[in-house]
Amino acid sequence: MVRNKLNTFGNANIIIASLCIIAFIINSIFVEESALLEISSDRATAYLLNILAGCQGVLGQIGALSYEAVFKEGQWWRIITHIYLHAGIVHLTLNMIALLIVGKVIERKIGSIQYAGMFHIYATISGVICCYVFRTLSVGASAGIFGMIGMLGMLYILKLKKDDECDRFLKKGEFIYLIAFTVLSNIGLETLVSHMISFVLGIATGYLACKADFF
């Protein structure tokens with residue numbers, strides 16, 4: 001059963017999703033009292049709100065992407081660690097569903113190492129640009145996911161659609177989810193810019209890979 005799931009969704013894809021879930025659990029459990037008080041004076045309420053839509057845990061403090069920490073204090077690891085942190089269980093769930101859907105196709109087509117590499121490249125490039133321009137705190141894997149959606153779109157147009165392969169990889173409901181995810185995830189200028197940078201990068205690399213017959 002486990003092996004079948006790994007084969008379906010891809011090894012690298014499962015590892016990335018698992019790390020996001022583990023980081024979320026740890027970040028939800030280990031929260032300093034001062035951070036909880038910023039949310040609510042009632043400890044139980046603060047914990048609940050943090051789980052639902054917050055990133056106030058210890059991992060969030062040391063791993064979220066911010067202009068001050070990265071460009072002034074030199075904490076460059078945040079460029080990677082912010083990808084695995086999420087602002088609440090809703091944010092995490094929406095991202096992980098999209099990741100597993102789009103990732104299972106791309107990883108199968110380009111390989112686990114290449115998939116993991118491109119995912120992080122998309123996320124870090126857009127993250128650094130938006131961090132520098134907007135100078136706000138950010139977390140989440142969505143930028144990497146949008147890069148993969150861009151690549152998937154180009155792969156579908158140039159390869160899968162012509163070969164009638166797409167139905168073997170994505171079901172109709174999964175296509176609908178990705179469309180809804182794309183719309184709902186682009187609320188706010190910073191988020192939109194970050195996602196569009198990754199999306200364009202995904203389209204460009206997908207186009208080059210298809211033309212080079214890499215797939």
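Helices are DSSP runs of H or I, at least four residues long, numbered from the N terminus. On this numbering, α10, α12 and α13 each supply at least two residues to the lining of the second largest pocket. The model is predicted, and the values below are computed from it.

The second largest pocket holds about 210 Å³ of space. Its lining comprises 13 residues. Among these, I149, L152, G153, F175 and F199 lie nearest the centre. Helix α10 gives the most to this lining, with seven residues. By residue class, the lining of the second largest pocket divides into 10 nonpolar and three polar residues, with no charged residue.

The largest pocket holds about 520 Å³ of space. It is lined by 26 residues. Nearest its centre lie H91, V139, S142, T191 and H195. Five helices give two or more residues each to this lining: α8 (89-110), α9, α10 (142-163), α12 (172-184) and α13 (189-211). The lining of the largest pocket divides into 12 nonpolar, 13 polar and one charged residue. Helices α10, α12 and α13 thus appear in the lists for the largest pocket and for the second largest pocket.

Helix α9 also takes part in a helix-helix contact. The axes of α2 (residues 11-29) and α9 (residues 112-134) come within 8 Å. They cross at roughly 40 degrees. Angles under 35 degrees would count as roughly parallel, and those of 65 to 115 as roughly perpendicular. The two helices are therefore oblique to each other. On the α2 side, the contact is made by N11, A12, N13 and I16. On the α9 side, these residues meet S112, Y115, A116, F119 and H120. The residues of this contact divide into five nonpolar and four polar, with no charged residue.

Aromatic pairs were counted next. A pair of aromatic rings is described by the distance of the centres and the angle of the planes. With centres required to lie within 6.5 Å, the count comes to eight aromatic pairs. One pair is formed by Y67 and Y132, with ring centres 5.9 Å apart. Their planes stand at 55 degrees, so the pair is tilted. Y67 lies in helix α6 (residues 67-72) and Y132 in helix α9. The pair therefore ties together parts that are 65 residues apart in sequence.

Conventions: Residues numbered from 1 in each chain as written. Predicted model: local features only at pLDDT ≥ 70, side-chain atom pairs only at ≥ 80, totals over all residues. Heavy atoms only, no water. Axes fitted to C-alpha atoms, helices over the stretch in contact; angles between N-to-C directions. Parallel < 35°, antiparallel > 145°, perpendicular 65-115°, else oblique. Contact = heavy atoms within 4.5 Å. Nonpolar A, V, L, I, M, F, W, Y, C, P; charged D, E, K, R; others polar. 1 Å grid on protein atoms, 1.4 Å probe; cavity = no way out; pocket = protein on both sides within 12 Å on 5 of 7 lines; lining within 4 Å. Points joined across faces, edges and corners; volume = space filled by probe spheres on them. Phe/Tyr/Trp six-rings, centres within 6.5 Å; stacked < 30°, edge-to-face > 60°.
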